[in-house]
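Reader: Please pick one part of this model and go through it closely, with the cut-off for each term you use. I would like to know what surrounds that part and how the rest of the chain is arranged.

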Amino acid sequence: MKPTKSQFVRDLRDQDRVSSYFLVKSCQLGTGKTGKPFLSLVLQDKTGEVDARIWDNAGKYSGTLGMDALVQVEGNIQVFQGRLQVIIKDLSLLRETDVVLDDLLVVSLLDADALYAEIVKKIHAMKDPHYKALCESVFIEDEDVISRFRRAPAAKTIHHAYPIGLLEHVVSVCEILDRIGRHYGNKVNHDLLLVGGLFHDIAKIWELQYEKSTDYTDEGRFLGHLVMGVELIDQKVRALNAVPGRLPETFPTEKLLLAKHMVVAHHGKLEYGSPKEPVCLEALIVHMIDDLDSKVNQILKFVENDPQPGAWSGIQKHFGRFFYKPEWARKAPLG
Ligand SMILES: [Fe+2]
Ligand SMILES: [Fe+2]
């Protein structure tokens with residue numbers, strides 16, 4: 001009989017004894033100040049994830065542990081730099097038949113059907129025949145894209161890093177772009193904004209693998225979602241041009257370049273991975289809204305999961321600061 005999992009990440013508190021099974025989300029070998037090797041892990045179950053360390057016999061475990069390993073963990077919780085951490089005393093590998101997998105995989109409360117319906121609605125409302133056909137060919141007609149897009153996270157760790165997170169992010173970005181498009185009227189190209197919203201991160205569906213925990217694919221590591229997104233646009237436009245009568249005229253080169261620019265420029269700066277900085281207003285807007293939406297999600301999730309009681313969070317690593325938590329995110333003091 002499979003063991004019942006009675007201890008979940010969400011319920012862990014400082015000083016707790018840990019005896020439960022988890023999915024290994026990541027595992028890295030590090031070296032301490034004294035030169036002694038240690039293992040730094042992230043453990044996950046359906047309620048969240050927690051950092052973990054193995055200080056003793058790290059070498060012995062490093063050969064057998066990897067992403068998606070199933071492990072029985074014995075240890076204790078301590079707080080390190082404001083975050084809970086499992087100090088692992090003992091660990092054994094389990095097989096899939098030893099665990100209830102549903103206890104370990106993050107379930108998304110997001111409604112993929114409703115979110116995807118928003119995408120379709122926005123594409124149907126587009127006016128430019130070329131941009132509209134390009135969006136239809138990917139988001140309405142390509143079954144492979146659609147099925148991945150309805151499941152994928154938007155990232156391995158930073159923002160929207162959970163199933164259906166990419167779809168949530170893209171709908172949110174497109175919704176804001178829609179409003180900005182209306183706000184500026186004919187000063188900006190509304191349909192081009194939507195092309196940017198829809199395509200900027202679409203290649204994350206291939207950049208990442210997300211069957212259990214999330215990691216980069218080889219294609220993702222070698223090329224990344226900006227290059228892969230441009231390839232997708234190129235391939236779809238060629239296919240559209242090849243079908244007689246599909247477009248009112250051949251896809252204009254200028255529109256093709258603008259659509260690709262939305263993707264290559266969306267990280268905003270060379271040091272953030274964009275080979276070109278935004279050189280048109282629409283690309284600048286897409287970059288800023290993408291940045292806004294990812295940061296808002298990052299901070300919301302951080303304060304929601306922060307274990308500190310009271311109004312102030314622990315240090316948020318990416319922002320390097322504490323956050324003042326809204327009422328809804330505050331935990332009752334322990335004891
Ligand atoms: Fe991106
Ligand atoms: Fe994005």
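Author: What follows is a look at the enclosed helices, with the strands and the loops afterwards for context.

This is a predicted model, in which local features need pLDDT of at least 70 and side-chain atom pairs count only at pLDDT 80 or more, while totals for chains, interfaces and linings use all residues. Residues are numbered from 1 along each chain as its sequence is written, and chains are lettered from A and ligands numbered from 1 in the order in which they are written.

The overall frame comes before the detail. The protein has 335 residues, and 35% of them count as buried. Burial is a count of neighbours: a residue is buried if 20 or more other C-beta atoms lie within 10 Å of its own, exposed if 12 or fewer, and partly exposed in between, with C-beta atoms placed from the backbone. The C-alpha atoms fill a box of roughly 65 × 40 × 40 Å along the principal axes. The domain assignment gives domain 1 as 9–103 and domain 2 as 112–298; such bounds come from an automatic or database assignment. Taken over C-alpha atoms, the centres of domain 1 and domain 2 are 36 Å apart. There are 11 helices and 7 strands, where helices (H or I, at least four residues) and strands (E, at least two) are DSSP runs numbered from the N terminus.

The part chosen is the pair of enclosed helices, α6 and α3. In α6, 10 of the 10 residues are buried, so the helix is largely enclosed by the rest of the structure. They are H190, D191, L192, L193, L194, V195, G196, G197, L198 and F199. These residues pack against α2, α3, α5, α9, α10 and α11 (281–305). Contact here means that the C-beta atoms of two residues, placed from the backbone, lie within 7 Å.

Helix α3 (residues 129–139) is also largely enclosed, because 8 of its 11 residues are buried. Those residues are H130, Y131, A133, L134, C135, S137, V138 and F139. They pack against α2 (112–124), α4 (143–149), α6 (190–199), α9 (224–242) and α10 (253–264).

Around these helices, the pairing of α2 and α5 can be described in more detail. The axes of α2 and α5 (residues 165–184) come within 10 Å and cross at roughly 40°. Axes are lines fitted to C-alpha atoms, for helices over the stretch in contact, and angles run from 0 to 180 degrees between N-to-C directions. The crossing of α2 past α5 is left-handed, that is, the near helix is turned anticlockwise from the far one by less than a right angle, whereas clockwise would make it right-handed. On the α2 side the contact uses A112, L115, Y116, E118, I119 and K122, and on the α5 side L167, E168, V171, C174 and D178. By class this contact has 7 nonpolar, no polar and 4 charged residues. Ala, Val, Leu, Ile, Met, Phe, Trp, Tyr, Cys and Pro count as nonpolar, Asp, Glu, Lys and Arg as charged, and the others, Gly among them, as polar.

L110 lies in the loop between β5 and α2. With 17 other C-beta atoms within 10 Å, L110 is partly exposed. Leaving aside neighbours within four places in sequence, L110 is in contact with L115, I164 and E168. The C-alpha atoms of L110 and L93 are 32 Å apart, at a distance of 17 residues along the chain.

The strands give the context. A closed barrel of 5 strands runs β1-β2-β3-β5-β4, with mixed pairing. Its neighbouring strands are turned by 50° against each other on average, direction ignored. Two strands pair if DSSP finds at least two bridges between them. Strands β3 (residues 48–54) and β5 (residues 83–94) pair in the parallel sense over 3 bridges, with R53 opposite I87 in β5. Strands β4 and β5 pair in the antiparallel sense over 11 bridges, and V73 stands opposite L91 in β5. The hairpin of β4 and β5 has 2 residues between the strands, and Q81 there takes a positive phi near 50°.

Two further residues have a positive phi without being glycine: Q15, at about 75°, and D68, near 75°. Q15 sits in the segment before β1 (17–31) and is exposed, with 9 other C-beta atoms within 10 Å. D68 is in the loop between α1 (58–62) and β4 (70–80) and counts as partly exposed, with 16 C-beta neighbours inside 10 Å.
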